[in-house]
Each structure stands twice: as structure tokens, then as C-alpha cells.
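The following exercises are to be worked with the sequence and the coordinates at hand. Each task is followed by a solution in steps.

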Amino acid sequence: MSIPILRQLLMPAVRLPLRPAAKALKRPQIPQLRSFSSTNPQLATINQVVRGCRKAQRARKAVSPALRDVLAPELKGVCLKVGITKPKKPNSAERKTARVRLSTGRVVTAYIPGEGHNVQQHSVVLVRGGRSQDCPGVRYHLVRGAMDLGGVGNRATSRSKYGTKKPKKAAAS
């Protein structure tokens, strides 16, 4: 590499004027901000530049790629299969999952939250993002109380997450 190109790569991004202005106004000197680092900010060495030290970072992997690709918070889908999944190592349970074909044509595995459900094959469901951390490959949740999937019965707390209406108060006689 030629010297001017290397000098351009190694120079800081701040450009200074080539020659001072003839009649520069005298401004009061502002003290420079104090640097809290004990070491000098070093520029890249020639070997680092030759090796290619200036590389962009990789983008994060999407949590819910099927929704991110169409920029939708939720998508409608049809259940193909309903089953159970065993969670990863320290946990032990039977997580209810459904294989769903989305309106975009993609087939995903979704978690059915709450106790009990009425989902079966050909049920129309609403799919939102959000993985089930201890089930491998499950990156979506079904929305309770929307379309064919009913809410959780006799739910007292966090009712909005499980599609449950507020219980009616008993008539006082």
C-alpha cells in the first residue's frame, strides 16, 4: 500500500484546516474535556489495517423471524398438529405445542400458554412472537381468547394474558 493511503487510513476522522485563517477572531480558550482513560487512544497499526480490523458487527438473530419478515405483530394461522414437547434438561413437564401454518405460508411451532386448551387440527389461531425458553425450536406463542382458541377458565390473576373475562360478582340478596 502506498504511504498516502495508509496515512489516510490511520489518521483520525477529524479534519483540521490546512493553513490558519489570516484574520482569525480571538476567542476565549475553552479547556479540553478531561479524559478518564490512563492510556492514550491509539490508532490502528499497519498490520491491523492490512489484516482488516475494521469489520462491521454481525446483526442479532431475530427471535421471531416469521413475524419480523412481514413486519407484523401477530399473524393468523391454521393448526396442523397439536402435541406436547418435553422441556430442556433441568426442567421436567409436558409443554403443549402446536404446529401452525401461517397466512404467509410458513409453518412454525407455537407454544400454547395456560392450563388446558381447546385447540385441535384445523383450528384457526392467532400467533404472536416470543419464545418458550425451555422448549427447543419454539419461537412463537398462541394468543389465548382470540379466534378458535378460548381463554383459560377460572383465571384470577394476569387475565389479560390468558384471554379471560373478569368474573361476575355474585348477586347480593
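**Exercise 1. Classify S158 by its solvent accessibility: is this residue buried, exposed or partly exposed?**

Solution. The model is a predicted one.
Step 1. The relative accessibility of S158 is 39%.
Step 2. Buried requires a value under 20% and exposed a value over 50%, with partly exposed in between.
Step 3. S158 is therefore partly exposed, at 39%.
Step 4. In the chain, S158 belongs to the segment after β5. Its backbone carries a positive phi near 50°, although the residue is not glycine.

**Exercise 2. Apply the classification to N154, and state what phi this residue has.**

Solution.
Step 1. N154 has a relative accessible area of 84%. The cut-off for exposed is over 50%, so N154 counts as exposed.
Step 2. Phi of N154 is positive, at about 55°, and the residue is not a glycine.
Step 3. N154 is located in the segment after β5.

**Exercise 3. Describe the surroundings of G151.**

Solution.
Step 1. G151 is placed in the segment after β5, and its relative accessible area of 33% makes it partly exposed.
Step 2. When residues up to four places away in sequence are disregarded, G151 touches R144, G145, Y162, G163 and T164.
Step 3. Between G151 and H117 there are 7.9 Å from C-alpha to C-alpha, with a sequence separation of 34 residues.
Step 4. Y162, one of the residues touched by G151, also takes part in a charge-ring arrangement: the charged end of R155 sits over the ring of Y162, 4.1 Å from the ring centre.

**Exercise 4. Set out the order of secondary structure elements along the sequence.**

Solution.
Step 1. The protein has three helices and five strands.
Step 2. Along the sequence these elements follow the pattern α-α-α-β-β-β-β-β.
Step 3. Among contacts with a separation of 6 or more, 52% link residues 24 or more positions apart.

**Exercise 5. Which residues of the largest nonpolar core touch the most other members, and which elements each supply at least two residues?**

Solution.
Step 1. The largest nonpolar core has 17 residues, and V100, L102, V119, V125, V127, Y140 and L142 touch the most other members.
Step 2. At least two residues of this core come from each of α3 (65-68), β1 (74-85), β2 (95-102), β3 (107-111), β4 (124-129) and β5 (140-142).
Step 3. The largest share, three residues, is supplied by β2.
Step 4. V125 may serve as an example. Apart from neighbours within four places in sequence, V125 is in contact with L75, K76, G77, C79, V100, V119, L142, M147 and L149.
Step 5. As a general background, nonpolar side chains in soluble globular proteins tend to be buried together.

**Exercise 6. Determine how many disulfides the model contains, and classify C79 and C135 by accessibility.**

Solution.
Step 1. A disulfide is counted when two cysteine sulfur atoms lie within 2.5 Å. By this rule the count is zero.
Step 2. C79 is buried, because its relative accessibility is 1%.
Step 3. C135 is likewise buried, because its relative accessibility is 3%.

**Exercise 7. What share of the residues is buried, and what share of the accessible surface belongs to carbon and sulfur atoms?**

Solution.
Step 1. Of the 173 residues in the protein, 25% are buried.
Step 2. The accessible surface comes to about 14,500 Å², and 53% of it belongs to carbon and sulfur atoms.

Definitions and conventions. Residues are numbered from 1 along each chain as its sequence is written. This is a predicted model: local features need pLDDT of at least 70, side-chain atom pairs count only at pLDDT 80 or more; totals for chains, interfaces and linings use all residues. Side-chain values use heavy atoms; hydrogens and water are left out. Helices (H or I, at least four residues) and strands (E, at least two) are DSSP runs, numbered from the N terminus. Buried means under 20% relative accessible area, exposed over 50%, partly exposed in between (1.4 Å probe, protein chains only). Contact means heavy atoms within 4.5 Å. Accessible areas come from the Shrake-Rupley method with a 1.4 Å probe; for residues, only the protein chains shown count as cover. A nonpolar core is a set of buried Ala, Val, Leu, Ile, Met, Phe, Trp, Tyr and Cys residues joined through side-chain atoms within 4.5 Å. A charge sits over a ring if NZ of Lys or CZ of Arg is within 6 Å of the ring centre and within 35 degrees of the ring normal.
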